[in-house]
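Work through the three exercises below with the model open. Each task is followed by its solution in steps.

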Amino acid sequence: TGVEGDVADFGCGYGTFTLAAAASTKGVVHAFDLEEELIPAVARKAATTGLFNVRTVLRDFVDHGTDLPDASVGYSKLFNILHAERPLPLVREAFRVLAPGGTLAVIHWIRDPSTPRDPALSIRPKPEQCQDWLVEAGLELVKPLVPLPPYHYGMVGRRPLPSRP
């Protein structure tokens with residue numbers, strides 16, 4: 001299924017999920033990362049794949065936000081990033097840029113020593129913590145917990161539609 005509208009990709013990394021999102025939407029995928037060497041690599045991958053709807057942005061979105069307008073994207077994603085020192089501001093920024101009815105997807109590593117990569121187990125958030133952050137930021141939990149074996153879990157939140165008078 002396709003993604004409606006633009007996408008905010010917080011911490012695009014090597015672009016794996018960025019390219020998948022770009023292939024699933026006619027909108028623009030705003031791919032943010034603060035690692036200087038990753039941004040041109042993702043841009044090259046997108047161009048090589050014929051995905052010209054990817055906008056790569058070198059930006060410390062943790063401290064400075066995305067600079068996207070309020071309510072401007074239909075889908076935000078926080079994949080393997082909520083182990084950051086201050087996760088709630090990330091979730092709040094993802095909420096801020098979501099249009100009413102827009103979707104936030106979260107994926108993170110499970111807290112299991114058998115997982116093959118970082119971050120350290122001690123800083124990996126529990127699903128309940130992520131759920132609390134989404135709710136505190138103002139999102140409705142649409143799918144509170146989605147097992148993604150063998151190493152991940154996910155959840156889906158939605159920015160509520162404005163209530164009618």
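**Exercise 1.** In this predicted model, decide whether C12 is buried or exposed, then account for its free sulfur.

*Solution.*
Step 1. C12 has a relative accessible area of 6%. The cut-off for buried is under 20%, so C12 is buried.
Step 2. Turn to C130. Its relative accessible area is 0%, so C130 is buried as well.
Step 3. Check the sulfurs. A disulfide needs them within 2.5 Å. The cysteine sulfur closest to that of C130 belongs to C12 and lies 20 Å away, too far for a bond.
Step 4. Conclude. C12 is in no disulfide, and the structure holds 0 disulfides.

**Exercise 2.** Describe the largest pocket: how much space lies in it, and which residues are closest to its centre?

*Solution.*
Step 1. The largest pocket holds about 800 Å³ of space.
Step 2. It is lined by 26 residues, and G11, G13, F79, N80 and R117 are the closest to its centre.
Step 3. Assign the lining to elements. Two or more residues each come from β1 (7-10), α1 (16-23), α3 (61-64), β4 (73-79) and β5 (98-109).
Step 4. Sort the lining by type: 13 residues are nonpolar, 7 polar and 6 charged.

**Exercise 3.** Place A22: which helix holds it, and what does it contact beyond its neighbours within four places in sequence?

*Solution.*
Step 1. A22 belongs to helix α1.
Step 2. Its relative accessibility is 4%, so A22 counts as buried.
Step 3. Beyond those neighbours, A22 contacts V29, L51, N53 and V54.
Step 4. Take V54. It is 32 residues from A22 in sequence, yet their C-alpha atoms are 6.5 Å apart.

How values were computed. Residues are numbered from 1 along each chain as its sequence is written. This is a predicted model: local features need pLDDT of at least 70, side-chain atom pairs count only at pLDDT 80 or more; totals for chains, interfaces and linings use all residues. Side-chain values use heavy atoms; hydrogens and water are left out. Buried means under 20% relative accessible area, exposed over 50%, partly exposed in between (1.4 Å probe, protein chains only). On a 1 Å grid over the protein atoms alone, a cavity is a set of points where a 1.4 Å probe fits but cannot get out, and a pocket is an open set with protein on both sides within 12 Å along at least five of seven lines; lining residues have an atom within 4 Å of a point. Grid points are joined across faces, edges and corners, and a volume is the space filled by probe spheres set on the points. Helices (H or I, at least four residues) and strands (E, at least two) are DSSP runs, numbered from the N terminus. Ala, Val, Leu, Ile, Met, Phe, Trp, Tyr, Cys and Pro count as nonpolar, Asp, Glu, Lys and Arg as charged, and the others, Gly among them, as polar. Contact means heavy atoms within 4.5 Å.
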